[in-house]
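The following exercises are to be worked through with the sequence and the coordinates at hand. Each task is followed by a stepwise solution.

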Amino acid sequence: MSEQPTRREIIGAFIPNSPHAAQLGIRVESIGTDEAVLELPFKPELATIGEVVHGGAIGALMDTAAMAAAWASDDVPESVAGSTVSLSVNFASAATGVDLRAEAHVAKRGGRLSFCEVSVTDPEGTVVAHGIATYRFG
């Protein structure tokens, strides 16, 4: 009998095969215990005007990073179901024509809920956005 995959293994396989993540260009840099680092390479299709990255693309990056961090455990899930319950995004500065990096970590893990914090920075380390997310399993 084969061993069931862990949440970390599931999310590690999910993001590279997600049509939405692929459309945006989101890729996984790393997934550790209760944390994930994702990247969003700049492309003109992500711009709102000129080369300013659209807030919706940044929000999608944050949501995906929070989900990855929530799934980043060695637990074997009862099911692969889950969803974002809430996402709050605060934009700190514009991102103009640059790749972005989202670092997410679980601030508190409960039975079915994980509370995550996410920070998005540009290549210079300037904070572009910060947010909190609540993710629910099941």
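**Exercise 1. Aromatic pairs**

Determine how many aromatic pairs a search of the whole structure finds, and classify the geometry of each.

Solution. The model is a predicted one.

Step 1. Searching the whole structure yields two aromatic pairs.

Step 2. In one of them, the ring centres of Trp71 and Phe137 are 5.2 Å apart and the planes stand at 75 degrees; because planes over 60 degrees apart count as edge-to-face, this pair is edge-to-face.

Step 3. Trp71 belongs to helix H3 (residues 55-71) and Phe137 to strand E8 (residues 127-137), so that distant parts of the chain, 66 residues apart, are linked by the pair.

Step 4. Tyr135 and Phe137 also form an edge-to-face pair, with 5.3 Å from centre to centre and 70 degrees between the planes.

Step 5. Taken together, the ring pairs join Trp71, Tyr135 and Phe137 into a cluster.

**Exercise 2. Surroundings of the aromatic cluster**

Decide whether Trp71, Phe137 and Tyr135 are buried or exposed, and state over which rings the charged end of Arg7 sits.

Solution.

Step 1. The cut-off for a buried residue is a relative accessible area under 20%.

Step 2. Trp71 has a relative accessible area of 4% and is therefore buried. Phe137, at 6%, is buried, and Tyr135, at 5%, is buried as well.

Step 3. The charged end of Arg7 sits over the ring of Phe137, 3.7 Å from its centre. The charged end of Arg7 also sits over the ring of Trp71, 6.0 Å from that ring's centre.

**Exercise 3. The largest pocket**

Give the volume of the largest pocket, and describe its lining by residue and by class.

Solution.

Step 1. The volume of the largest pocket is about 160 Å³.

Step 2. The lining residues include Arg7 and Phe137, a residue pair already met as a charge over a ring. Also among the lining residues are Asp75, Val76, Pro77, Glu78, Ser79, Ala81, Gly111, Arg112 and Gly138.

Step 3. Sorted by class, the lining comprises four nonpolar, three polar and four charged residues.

**Exercise 4. Strand pairing around E6**

Identify which strands are joined to E6, in what direction they run, and which residues stand opposite His105.

Solution.

Step 1. Strand E2 (residues 35-40) and strand E6 (residues 100-109) run antiparallel and are joined by six bridges.

Step 2. E6 is also joined to strand E7 (residues 113-121), by eight bridges, and these two strands run antiparallel. Three residues lie between E6 and E7, which form a hairpin.

Step 3. His105 in E6 stands opposite Glu35, and His105 also stands opposite Glu117 in E7.

**Exercise 5. Two individual residues**

Describe the backbone and accessibility of Asp34, then the location and accessibility of Val127.

Solution.

Step 1. Most residues other than glycine have a negative phi. Asp34, although not a glycine, has a positive phi of about 60 degrees.

Step 2. Asp34 is placed in the loop between strand E1 (27-32) and E2. Its relative accessibility is 25%, so Asp34 counts as partly exposed.

Step 3. Val127 is located in strand E8 and, at 37% relative accessibility, counts as partly exposed.

Step 4. From C-alpha to C-alpha, Val127 and Met62 are 13 Å apart in space, and they are 65 residues apart in sequence.

Conventions: Residues numbered from 1 in each chain as written. Predicted model: local features only at pLDDT ≥ 70, side-chain atom pairs only at ≥ 80, totals over all residues. Heavy atoms only, no water. Pairing = 2+ DSSP bridges. Helix = DSSP H or I, 4+ residues; strand = E, 2+ residues; numbered from the N terminus. 1 Å grid on protein atoms, 1.4 Å probe; cavity = no way out; pocket = protein on both sides within 12 Å on 5 of 7 lines; lining within 4 Å. Points joined across faces, edges and corners; volume = space filled by probe spheres on them. Nonpolar A, V, L, I, M, F, W, Y, C, P; charged D, E, K, R; others polar. Phe/Tyr/Trp six-rings, centres within 6.5 Å; stacked < 30°, edge-to-face > 60°. Buried < 20%, exposed > 50% of the residue type's maximum accessible area, 1.4 Å probe, protein only. Lys NZ or Arg CZ within 6 Å of the ring centre and 35° of its normal.
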